[in-house]
Amino acid sequence: MVTTQTKFMRYIMEKEAKKAYMYVVECSDRTLYTGYTTDIKQRIKTHNAGKGAKYTRNRLPVKLIYQEIFDSKKAAMSAEYHFKKKKNRAQKLEYIKNHS
């Protein structure tokens, strides 16, 4: 017999599995790179292994400076898009400051 607590734990685990992140890393040359992922820890490891985005491969190591969690990949991708539309580094850092 499946208990209510077991059902609730399954629900929480499934909900967490569907989370997506918009993240910002600072590269070794102090430039910022923005992306989205469903596994933030693994994505940073991948970047630092030189197997992430082409942009970051020659700018290692990268350091995670911001992450924002969303309920869907679509929402994370939308946040990434809007973040990248900011005109300069100062505006991006201001966004991070205001949302941290």
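User: Which helix lies across β1, β2 and β3, running at about 35° to β1?
Analyst: We're looking at a predicted model here. Two helices deserve a look: α5 (residues 89–99) lies across β1, β2 and β3, but its listed angle is about 60° to β3. The helix that runs at about 35° to β1 covers residues 40–48, and that's α2.

User: What is the order of the strands in the open sheet?
Analyst: Let's build it up from the pairs. Six bridges join β1 (residues 20–26) to β2, and seven bridges join β1 to β3. The edge strands, β2 and β3, each pair on one side only. Put together, the order is β2-β1-β3.

User: Which residue is the bridge partner of M22 in β2?
Analyst: Strands β1 and β2 run antiparallel, and they form a hairpin with five residues between them. M22 has its bridge partner in β2, and that partner is Y36.

User: And which residue in the hairpin's turn has a positive phi?
Analyst: Head for the turn between β1 and β2. The phi there is about 75°, and the residue is R30.

User: How many of the six residues of β2 are buried?
Analyst: Buried means under 20% relative accessible area. For the whole chain of 100 residues, 31% count as buried. Strand β2 (residues 32–37) is mostly covered, and its buried count is five.

User: How do the elements of the chain run from the N terminus on?
Analyst: There are five helices and three strands to place. Starting at the N terminus, the pattern reads α-β-β-α-α-β-α-α.

Notes. Residues numbered from 1 in each chain as written. Predicted model: local features only at pLDDT ≥ 70, side-chain atom pairs only at ≥ 80, totals over all residues. Heavy atoms only, no water. Buried < 20%, exposed > 50% of the residue type's maximum accessible area, 1.4 Å probe, protein only. Helix = DSSP H or I, 4+ residues; strand = E, 2+ residues; numbered from the N terminus. Pairing = 2+ DSSP bridges. Contact = heavy atoms within 4.5 Å. Axes fitted to C-alpha atoms, helices over the stretch in contact; angles between N-to-C directions.
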